[in-house]
Amino acid sequence: MEVIIKDTYEEMSIEAAKIIKDAIHLKPNLVLGLATGTTPIGTYKELIRMHQAGELDFSKVVTFNLDEYVGMPSTHDQSYHYFMHENLFNDINIAPDNVHVPSGVVKDFKRYCQWYEDEIAKVGGVDLQVLGIGSDGHIGFNEPGTSLASRTMVVTLTEETIRDNSRFFDRIEDVPRLAITMGVGTIMEAKHCLLVANGKKKAGPVAALVEGPITSQVTASALQMHPNATVIFDEAATSKLKRIDYYKWTYENRPEV
Ligand code: PGA
């Protein structure tokens, strides 16, 4: 796992956006996995800036989002459909047909989850998957105890996630209890995983992800088994890491390839 530590949230976001930009330059029809949450907003802002500066063309890029709340129509201002359009899609030249965000309002979720997997497979799999990490260590909505081999499915959110996400709702009772999410196994098939985390609230999950045991209790720890995972943190998120000096040393001395 490549661990990159930046002083600030802004620098973390710029670094993540640069990795995405380089990947799109290398492959204009990149299959890009996207995440919601507060963390990647800075990365998306930087991608929008790059696009508006004429440095980045999304016209051939295909996107797949990780998750969505069950029962949430795409028009709801707390849906992840809405979030993605507000924070990225409305301001870049992505083709609407190339955008995939799982639907939270389908009749037959079992069939729909398989369809979502098939759509990813049809375009050759995700090339680069952007990820955040939950305070309970989740990636996507793969809560503690989820199989590390799981595929796209409907899951029950933990109380912790519901509490975390209640900041966007009027009342905690309004936070959906269920979500549809790519599985850990689905995420692990991405050719490159790129996780961003910032702030001291994420120090515990970050330490568990990088230095803890691989366990379904912290689904992000599965990334230790990924052959090409990059994690980018701001300084505040690294306070519980034991080998910070080595990660910085490795980054400074990384081979130019
Ligand atoms: P956050 O969410 O970026 O809002 O902290 C991260 C996550 O739950 O994956």
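Of the 257 residues of the protein, 56% count as buried (buried means under 20% relative accessible area, exposed over 50%, partly exposed in between, with a 1.4 Å probe and protein chains only). The model is a predicted one, in which local features need pLDDT of at least 70, side-chain atom pairs count only at pLDDT 80 or more, and totals for chains, interfaces and linings use all residues. Residues are numbered from 1 along each chain as its sequence is written, and side-chain values use heavy atoms, with hydrogens and water left out.

**Exercise 1. Describe the overall dimensions and surface of the protein.**

Step 1. The C-alpha trace spans about 50 × 40 × 35 Å along its principal axes.

Step 2. The radius of gyration is 17 Å, which agrees with the value near 18 Å for a compact globule of 257 residues. This radius is taken over C-alpha atoms, and the globule rule is 2.2 Å times the number of residues to the power 0.38.

Step 3. The accessible surface comes to about 12000 Å², and carbon and sulfur atoms hold 52% of it (Shrake-Rupley method with a 1.4 Å probe; for residues, only the protein chains shown count as cover).

Step 4. Among contacts with a separation of 6 or more, 79% join residues 24 or more positions apart. A contact means heavy atoms within 4.5 Å.

**Exercise 2. Work out the strand order of the seven-stranded sheet and place helix H7 on it.**

Step 1. The protein has eight helices and ten strands. These are DSSP runs numbered from the N terminus: helices are H or I with at least four residues, strands are E with at least two.

Step 2. Seven strands form an open sheet with parallel pairing, in the order E1-E10-E9-E6-E2-E3-E5. Two strands pair if DSSP finds at least two bridges between them.

Step 3. Strand E1 (2-6) and strand E5 (99-100) are the edge strands, each pairing on one side only.

Step 4. Helix H7 (residues 203-211) packs on this sheet and touches E1, E9 and strand E10 (229-234); the directions of H7 and E10 make about 150°. Axes are lines fitted to C-alpha atoms, for helices over the stretch in contact, and angles run from 0 to 180 degrees between N-to-C directions.

Step 5. Buried residues of H7 include Pro205, Val206, Leu209 and Val210. The buried residues of this helix pack against E1, E9, E10 and helix H8 (244-252).

Step 6. Within the sheet, strand E6 (residues 128-131) and strand E9 (residues 192-197) run parallel and are joined by four bridges. Leu128 has His192 of E9 as its bridge partner.

**Exercise 3. Is Lys6 buried or exposed, and what surrounds it?**

Step 1. Lys6 lies in strand E1. Four of the five residues of E1 are buried, so this strand is largely enclosed by the rest of the structure.

Step 2. Lys6 itself is buried, because its relative accessible area is 16%.

Step 3. E1 and E10 run parallel and are joined by five bridges. Lys6 stands opposite Asp234 in E10.

Step 4. Leaving aside neighbours within four places in sequence, the contacts of Lys6 include Glu11, Glu15, Asp234, Glu235 and Tyr251.

**Exercise 4. Characterise the setting of Asn65.**

Step 1. Asn65 lies in strand E3 (residues 62-65). With 0% relative accessibility, Asn65 counts as buried.

Step 2. The C-alpha atoms of Asn65 and Met182 are separated by 8.3 Å, although the two residues are 117 residues apart along the chain.

Step 3. Met182 is among the contacts of Asn65, beyond neighbours within four places in sequence, and so are Leu34, Met84, Phe89, His100 and Tyr116.

**Exercise 5. Which strands stand at the edges of the three-stranded sheet?**

Step 1. The order of this open sheet is E4-E8-E7, and the pairing is antiparallel.

Step 2. Strand E4 (67-69) and strand E7 (153-156) stand at the edges; each has a single partner strand, so one side of each is left without a neighbour in the sheet.

Step 3. From one strand to the next, the twist averages 30°.

Step 4. Three bridges join E4 to strand E8 (residues 178-181), and the two run antiparallel. Asp67 has Thr181 of E8 as its bridge partner.

**Exercise 6. Identify the nonpolar cores.**

Step 1. A nonpolar core is a set of buried Ala, Val, Leu, Ile, Met, Phe, Trp, Tyr and Cys residues joined through side-chain atoms within 4.5 Å.

Step 2. The largest core has 71 residues; Tyr44, Leu88, Leu209 and Phe233 are among those with the most contacts inside it. Helix H1 (residues 9-26) supplies the largest share of this core, seven residues.

Step 3. A second, separate core has ten residues, including Tyr69, Phe141, Val155 and Ile162.
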